[in-house]
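Grab a pencil and work through these exercises with the model open beside you. Each one has a task, then a solution in small steps.

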Amino acid sequence: MKLITVKDNEAEQRLDKFLAKYMDKAPKSFFYKMLRKKNITLNKKKADGSERLRTGDEIRLFLSDETIESFSSPPAGIGRQKLPACLRPRILYEDAHILLMNKPAGLLSQKAKPEDVSLVEYLISYLLESGQLKEEDLRSFRPGICNRLDRNTSGLVAAGKSLAGLQAMNELIRSGSLRKFYRCIAAGEIEEPKRIEGWLKKDEKTNQAAIYEKEERDSLFILTEYLPLEILHLGGNTYTYLEVHLITGRSHQIRAHLASMGHPLIGDRKYGDARVNEYFSNHFGLHHQLLHAFRLEFPQVEGILKPLSNRQCIAPLPSEFQKICGQKLGSKTI
């Protein structure tokens with residue numbers, strides 16, 4: 001018999017959901033059969049799987065160790081991979097529930113292939129090595145990120161260290177209450193602030209988005225604001241250093257939306273101008289789109305996010321911005 005005492009990170013979820021994480025290789029039918037036969041109990045009582053767990057609840061598995069292990073993916077070694085120094089994110093803020101990190105360009109937010117090491121693996125590794133997480137905990141709960149950035153987009157990513165932190169931050173983002181601002185350099189001259197809208201449709205096979213003025217089948221409404229900060233004259237051409245307020249957070253929204261307006265981001269191999277990209281590659285060593293998630297502005301919030309209430313977090317700009325703009329553009333982090 002194995003006794004599991006429910007921890008904070010495992011509470012507030014259904015019993016069957018917990019069991020599916022703990023023994024992730026077992027079919028759902030197995031859990032319901034074991035619950036019916038009282039081979040799995042909750043607080044020494046028969047359960048049907050729909051019960052919502054609370055901290056301190058006791059789950060008893062009247063199963064052999066061999067059965068439990070055969071239905072469980074081994075947690076050992078998860079997140080222990082190392083990243084080269086140039087790809088290590090910087091932690092800008094941390095409390096018991098939340099982490100805010102500055103992701104460098106070149107690092108995946110989440111792995112695309114089993115052998116990838118992404119920001120999620122780095123997060124888990126950090127929590128394991130700092131003693132905030134044990135490998136056994138990974139059977140039933142995995143910390144995760146709440147917003148994703150493209151591999152070659154740098155900047156702020158919010159992560160949940162606890163289940164409550166993940167839920168609260170995800171809800172804040174889902175509601176649109178968390179204001180997200182990016183910095184970028186776009187081709188052409190943009191003189192006035194503007195609020196632009198459209199419809200985005202992404203082809204999952206090519207991983208490319210198209211922008212339409214009117215709604216198309218399977219398209220999503222997008223809303224973007226931009227504010228020109230500086231006009232740059234480089235190599236006989238004009239560029240604009242912009243702050244972009246991402247109001248709707250669709251995949252590739254900023255890159256595709258600005259390109260559709262005739263102002264592609266410099267370095268953008270997917271939506272940009274090949275001649276512009278070649279210039280910045282040759283003169284500044286830029287080999288990716290120059291897009292940085294610069295600032296998060298938190299609303300008035302209660303509960304576990306209260307320490308961030310009415311605050312903002314800033315991710316210092318990558319060195320490419322200073323090289324191209326020719327001045328110090330960084331700021332305080334929080």
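**Exercise 1.** Which element gives the largest share of the lining of the largest pocket?

*Solution.* Before we start, this is a predicted model, in which local features need pLDDT of at least 70 and side-chain atom pairs count only at pLDDT 80 or more, while totals for chains, interfaces and linings use all residues. Residues are numbered from 1 along each chain as its sequence is written, and side-chain values use heavy atoms, with hydrogens and water left out.

Step 1: get the terms straight. On a 1 Å grid over the protein atoms alone, a pocket is an open set of points with protein on both sides within 12 Å along at least five of seven lines; a cavity is a set where a 1.4 Å probe fits but cannot get out; lining residues have an atom within 4 Å of a point. Helices (H or I, at least four residues) and strands (E, at least two) are DSSP runs, numbered from the N terminus.

Step 2: find the spot. Of the 27 lining residues, R148, L149, D150, S251 and H252 are the closest to the centre of the largest pocket.

Step 3: look at the elements. Both β8 (179–187) and α6 (253–260) give two or more residues to this lining. The winner is α6, with 3 residues.

**Exercise 2.** How much space lies in the largest pocket, and how much in the second largest?

*Solution.* Step 1: a volume is the space filled by probe spheres set on the grid points, which are joined across faces, edges and corners. That gives about 710 Å³ for the largest pocket and about 280 Å³ for the second largest.

Step 2: see where the second one sits. It has 15 lining residues, and N9, Q132, L133, D137 and K161 are the closest to its centre.

Step 3: sort by class. Ala, Val, Leu, Ile, Met, Phe, Trp, Tyr, Cys and Pro count as nonpolar, Asp, Glu, Lys and Arg as charged, and the others, Gly among them, as polar. The largest pocket's lining then has 7 nonpolar, 11 polar and 9 charged residues, while the second largest pocket's has 5 nonpolar, 5 polar and 5 charged.

**Exercise 3.** Which element gives the most to the lining of the largest cavity?

*Solution.* Step 1: a search of the whole structure turns up 1 cavity of 30 Å³ or more. The largest cavity holds about 40 Å³ of space.

Step 2: walk around its walls. They include N147, L156, K180 and F181. β13 (291–297) and β8 each give two or more residues, and β13 gives the most, with 4.

**Exercise 4.** What is the strand order in the open sheet of 3 strands?

*Solution.* Step 1: two strands pair if DSSP finds at least two bridges between them. β1 and β3 pair antiparallel over 4 bridges, and 3 bridges join β2 to β3 (residues 58–61), also antiparallel.

Step 2: put them in a row. The order is β1-β3-β2, with β1 (2–5) and β2 (40–42) as the edge strands, each pairing on one side only.

Step 3: check a partner. L61 in β3 is the bridge partner of I40, and K2 stands opposite L61 too.
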